Amino acid sequence: MNKKEFEIHDLSAELEKEFGKPGTPERAEFDERAYAFYTGQLILDARKSEKITQLELAKRLGVDKSYISKIENGIVNPSVGFFYRIMNALNLRIEITRQVG
């Protein structure tokens, strides 16, 4: 096996190298895309756990199926209000907690 395959990298340094330092426009753009992707994955997993289709979720929310697909694929980042509507439609609740430490 090649030793390089097992090297440990500093993730922060890699992100800075690829997308710029925190606070730069490039890094902010990357962060927004990452948040949209993560939000989409949360919704996709929750929808599948509820065993409903994109079409059924769209009907519950009064939107097109394509809009749900765009959210789940990280193309569109829903507003906070719409995110709460999605969570309600999936019978989920949001809990905000303070980090310890």
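The expected span of a helix is 1.5 Å times one less than its number of residues. That yardstick is handy for the opening view of this predicted model.

**Figure 1. Helix α2, end to end.** Helix α2 runs over residues 25-49 and holds 25 residues. From its first C-alpha to its last, helix α2 reaches 36 Å, close to the 36 Å expected at 1.5 Å a residue. Several of its residues are tucked away: R27, F30, A36, T39, G40, I43, L44, A46 and R47 are buried. If you wonder what covers these buried residues of α2, look for four other helices, which are included in the cover: α1 (11-19), α3 (54-61), α4 (65-72) and α5 (80-89). While following the helix, it helps to remember that an α-helix has 3.6 residues a turn, so residues three or four places apart point the same way.

**Figure 2. R27 and its surroundings.** This view stays with helix α2, where R27 is found. Is R27 buried or exposed? With a relative accessible area of 10%, R27 is buried, because buried means under 20%. Leaving out residues up to four places away in sequence, R27 touches L15, E16, F19, G20, K21 and P22. One of these partners, L15, has its place in helix α1. L15 and R27 are 12 residues apart in sequence, and their C-alpha atoms are 8.3 Å apart in space.

**Figure 3. F30, L15 and F19.** F30 also lies in helix α2. Its relative accessible area is 18%, so F30 is buried, the cut-off being under 20%. Which residues is F30 in contact with, once neighbours within four places in sequence are left aside? They are L15 and F19. F19 and F30 are 11 residues apart in sequence, with 6.6 Å from C-alpha to C-alpha. Seen from the side of L15 in helix α1, the contacts are with G20, R27 and F30, not counting residues up to four places away in sequence. L15 therefore touches both of the α2 residues featured in this view and the one before, R27 and F30.

**Figure 4. K51, just past helix α2.** Helix α2 is followed by K51, which lies in the loop between α2 and α3. What is notable about the backbone of K51? Its phi is positive, at about 60°, although K51 is not a glycine. For comparison, most residues other than glycine have a negative phi. K51 counts as exposed, at 76% relative accessibility.

**Figure 5. Q54 in helix α3.** Beyond that loop, we come to Q54, found in helix α3. Q54 has a relative accessible area of 14% and is buried. Not counting residues up to four places away in sequence, Q54 touches R47, K65, I68, S69 and E72. Among these, R47 is one of the buried residues of α2, while K65, I68, S69 and E72 take part in the α4 side of the contact shown next.

**Figure 6. Where α3 meets α4.** At what angle do α3 and α4 pack? The angle is about 110°, and the axes are 8 Å apart. The two helices, α3 and α4, are therefore roughly perpendicular to each other, as angles of 65 to 115 degrees count that way. Their crossing is right-handed. Helix α3 brings Q54, L55, L57, A58 and L61 to the contact, and helix α4 brings K65, I68, S69 and E72. By class, the contact of α3 with α4 has five nonpolar, two polar and two charged residues.

**Figure 7. Where α3 meets α5.** Helix α3 has a further partner in this view: α3 and α5 pack at an angle of about 115°, with axes 10 Å apart. This crossing, of α3 and α5, is right-handed. On one side are L57, R60 and L61 in α3; on the other are F82, R85, I86 and A89 in α5. The residues of this contact divide into five nonpolar, no polar and two charged.

**Figure 8. N91, after helix α5.** The last view shows N91, whose place is in the segment after α5. N91 is a residue other than glycine with a positive phi, near 60°. Is N91 buried or exposed? With a relative accessible area of 60%, N91 is exposed, because exposed means over 50%.

How values were computed: Residues numbered from 1 in each chain as written. Predicted model: local features only at pLDDT ≥ 70, side-chain atom pairs only at ≥ 80, totals over all residues. Heavy atoms only, no water. Buried < 20%, exposed > 50% of the residue type's maximum accessible area, 1.4 Å probe, protein only. Contact = heavy atoms within 4.5 Å. Axes fitted to C-alpha atoms, helices over the stretch in contact; angles between N-to-C directions. Parallel < 35°, antiparallel > 145°, perpendicular 65-115°, else oblique. Left-handed = near helix turned anticlockwise from the far one by under 90°. Nonpolar A, V, L, I, M, F, W, Y, C, P; charged D, E, K, R; others polar.
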